[in-house]
Each structure stands twice: as structure tokens, then as C-alpha cells.
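Let's walk through this model with a few quick questions. Take a look at it first.

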Amino acid sequence: MDFDAILTIGIVLATFSVPAFLSAMADGRSTRASALCILLAGSAMVYALSQKPGGYTGQDIPEVVINQIARLIR
């Protein structure tokens with residue numbers, strides 16, 4: 001799996017985990033599952049950002065996500 005895919009998975013996972021975490025806190029439910037997802041998402045993003053030669057810039061990230069979605073659709 002390439003670093004672009006790992007970064008995209010981390011971003012998507014974080015996008016869905018944060019609302020779940022906030023919802024669980026508001027309802028007084030356990031936040032263990034959503035907190036674990038946030039931890040995994042953060043770890044995936046940090047791993048991809050630190051391991052790619054040359055790294056990513058802020059301008060690269062939207063292009064990377066769109067390219068990964070296009071690869072998935074093809």
C-alpha cells in the first residue's frame with residue numbers, strides 16, 4: 001500500500017470518527033471506539049506524512065485524495 005492511500009484512509013477515518021466521538025460525548029455513551037478510530041486515523045496520517053520521501057505540502061493533500069478516489073473508481 002502506498003503512502004498516498006494510507007494518508008487518504010487516515011483522513012477519511014478521521015472525518016467520520018470526530019462526529020462519532022462528539023455524539024458519544026453528548027449522549028453520555030462510551031467514547032472508546034471512536035477514540036480508538038481517531039487514534040488510528042492520526043497514526044496513519046503521521047506515518048504517511050513522515051515516511052513519504054519529500055513529504056507532503058498543504059497543496060498536495062487535496063490532489064492526493066482526489067487521485068486516490070479516482071484510482072478506486074477506475
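Q: Which helix gives the most to the lining of the largest pocket?
A: Keep in mind that this is a predicted model. The pocket is lined by A5, T8, I9, Q68, I69, R71 and L72. Helix 1 and helix 3 (60-73) each supply at least two of those residues. With four residues, the biggest contributor is helix 3.

Q: How many residues in the lining of the largest pocket are charged?
A: The lining mixes residue classes, with four nonpolar and two polar residues in it. The space they surround comes to about 150 Å³. The charged count is one.

Q: Which elements give two or more residues to the largest nonpolar core?
A: That core is made of I6, L7, A44, A48, Y56 and V64. I6 and L7 also show up among the buried residues of helix 1. The elements that reach two or more are helix 1 (3-27) and helix 2 (32-51).

Q: What does V64 touch, leaving out residues up to four places away in sequence?
A: V64 belongs to the largest nonpolar core, as do L7 and Y56, and V64 touches both of them. Adding the rest, the full set is D4, L7, T8 and Y56.

Q: What do the buried residues of helix 1 pack against?
A: The buried set here is A5, I6, L7, T8, G10, A14, S17 and A24. They sit on a helix of 25 residues that reaches 36 Å from its first C-alpha to its last, close to the 36 Å expected. Their packing partners are helix 2 and helix 3.

Key: Residues numbered from 1 in each chain as written. Predicted model: local features only at pLDDT ≥ 70, side-chain atom pairs only at ≥ 80, totals over all residues. Heavy atoms only, no water. Core = buried A, V, L, I, M, F, W, Y, C linked by side-chain atoms within 4.5 Å. Buried < 20%, exposed > 50% of the residue type's maximum accessible area, 1.4 Å probe, protein only. Contact = heavy atoms within 4.5 Å. 1 Å grid on protein atoms, 1.4 Å probe; cavity = no way out; pocket = protein on both sides within 12 Å on 5 of 7 lines; lining within 4 Å. Points joined across faces, edges and corners; volume = space filled by probe spheres on them. Nonpolar A, V, L, I, M, F, W, Y, C, P; charged D, E, K, R; others polar. Expected span 1.5 Å × (residues − 1).
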